[in-house]
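Subject: A structure for you to look at

Hi,

Here is the structure I said I would pass on. Please open it beside this email, and read my notes once you have had a look yourself.

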Amino acid sequence: MSLKVAILACVAVVALCDKVPIQDPLPLVYTPRPAYHAPAPYHAPEPAYHAPEPAYHAPAHYEPEYPDVPPKYNYNYGVADGYSGANFGHSESRDGYKTEGTYTVDLPDGRKQIVKYVDNGDGLVAEVIYEGEAQYPEYTPTYKPAPPAYAHPTPTYA
């Protein structure tokens, strides 16, 4: 019976604690609206920075002087690479306004292209010569799939 009384007391305590306590609301306080005044106009201060004088002096204008003699030169070069098959060259000579030269190159179709050019100061004149006959072999694919890297399993019967 004492257990029933204890449970009833616990239920009564929970029922009484469940209610919100009643509080009186705070009285309303009325205050006057704040007064705002227009801000004073802004006047930017005068700049106090003055650019310093440069610590260096600009160099005097320099005009390169070139000799008054006409150009005169000879040069040539050549490349013959057996690994890549590149074979070409160039040679040129100049004496004043007269320039003449030649360059050669092996073309992929088996021909050799030779270009001879001359310029006497009135324009370039080029002559193009081809030596040999163009070869266009028929394409035959050489790809063959690799054999499988594994052996086929042997069947087993139980």
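In what order do the strands form the open sheet, and is the pairing parallel or antiparallel? The order is 1-2-3-4-5, with 5 strands in the sheet, and the pairing is antiparallel. Please keep in mind that this is a predicted model.

**The chain as a whole**

The protein chain has 1 helix and 5 strands, and along the sequence they follow the pattern α-β-β-β-β-β. The overall dimensions caught my eye. For 158 residues, a compact globule would have a radius of gyration near 15 Å, while the value for the protein chain is 52 Å. Its C-alpha trace spans about 125 × 105 × 30 Å along the principal axes. Buried residues come to 7% of the 158 residues. Of the contacts in the chain with a separation of 6 or more, 10% are between residues 24 or more positions apart.

**The sheet**

Strand 1 (72-81) and strand 5 (124-131) are the edge strands; each has a single partner strand, so one side of each has no neighbour in the sheet. On average, neighbouring strands are turned by 10° against each other, with direction ignored. As a reminder, strands of a sheet pair through backbone hydrogen bonds.

Here is a walk across the sheet, from one edge to the other:

- Strand 1 and strand 2: the two are antiparallel and pair over 10 bridges. Asn74 is opposite Ser93 in strand 2. Their hairpin has 4 residues between the strands, and Gly85 has a positive phi near 85° there.
- Strand 2 and strand 3: 8 bridges join this antiparallel pair. Ser93 turns up again here, standing opposite Glu100 in strand 3. The hairpin has 2 residues between the strands, and Gly96 in the turn takes a positive phi of about 70°.
- Strand 3 and strand 4: these also run antiparallel, joined by 8 bridges. In strand 4, Thr102 has Lys116 as its bridge partner, and Tyr103 has Val115. With 5 residues between the strands, the hairpin includes Gly110 at a positive phi near 100°.
- Strand 4 and strand 5: the pairing is antiparallel over 8 bridges. Lys116 stands opposite Glu127 in strand 5. The hairpin has 4 residues between its strands, and Gly121 takes a positive phi near 100°.

If you follow single residues across, Ser93 faces Asn74 of strand 1 and Glu100 of strand 3. Likewise, Lys116 is the bridge partner of Thr102 and stands opposite Glu127.

**Aromatic rings**

How many aromatic pairs does a search of the whole structure find? It finds 2. One of them is formed by Tyr103 and Tyr117, a tilted pair with 6.5 Å from centre to centre and 50° between the planes. Tyr103 belongs to strand 3 (residues 98-106) and Tyr117 to strand 4 (residues 112-119), so the pair ties together parts that are 14 residues apart in sequence.

Are the two tyrosines buried or exposed? Tyr103 has 36% relative accessibility and therefore counts as partly exposed. Tyr117 counts as buried because its relative accessibility is 10%, with the cut-off for buried being under 20%.

There is also a charge over a ring to look at: the charged end of Arg111 sits over the ring of Tyr130, at 4.6 Å from its centre.

**A closer look at Ala86**

Where is Ala86 found? It is in strand 2, which covers residues 86-95. With 25% relative accessibility, Ala86 counts as partly exposed. Apart from neighbours within four places in sequence, Ala86 is in contact with Val79, Ala80 and Asp81. Another pair to check on screen is Ala86 and Asp106: they are 20 residues apart along the chain, and their C-alpha atoms are separated by 7.2 Å.

If you want a short viewing route, I would begin with the edge strands 1 and 5, go on to the tilted pair of Tyr103 and Tyr117, and finish at Arg111 over Tyr130.

Happy to talk it through whenever suits you.

Best wishes

Methods
Residues are numbered from 1 along each chain as its sequence is written. This is a predicted model: local features need pLDDT of at least 70, side-chain atom pairs count only at pLDDT 80 or more; totals for chains, interfaces and linings use all residues. Side-chain values use heavy atoms; hydrogens and water are left out. Rings of Phe, Tyr and Trp (its six-membered ring) pair if their centres lie within 6.5 Å; planes under 30 degrees apart count as stacked, over 60 as edge-to-face and the rest as tilted. Buried means under 20% relative accessible area, exposed over 50%, partly exposed in between (1.4 Å probe, protein chains only). A charge sits over a ring if NZ of Lys or CZ of Arg is within 6 Å of the ring centre and within 35 degrees of the ring normal. Two strands pair if DSSP finds at least two bridges between them. Axes are lines fitted to C-alpha atoms, for helices over the stretch in contact, and angles run from 0 to 180 degrees between N-to-C directions. The radius of gyration is taken over C-alpha atoms; the globule rule is 2.2 Å times the number of residues to the power 0.38. Contact means heavy atoms within 4.5 Å.
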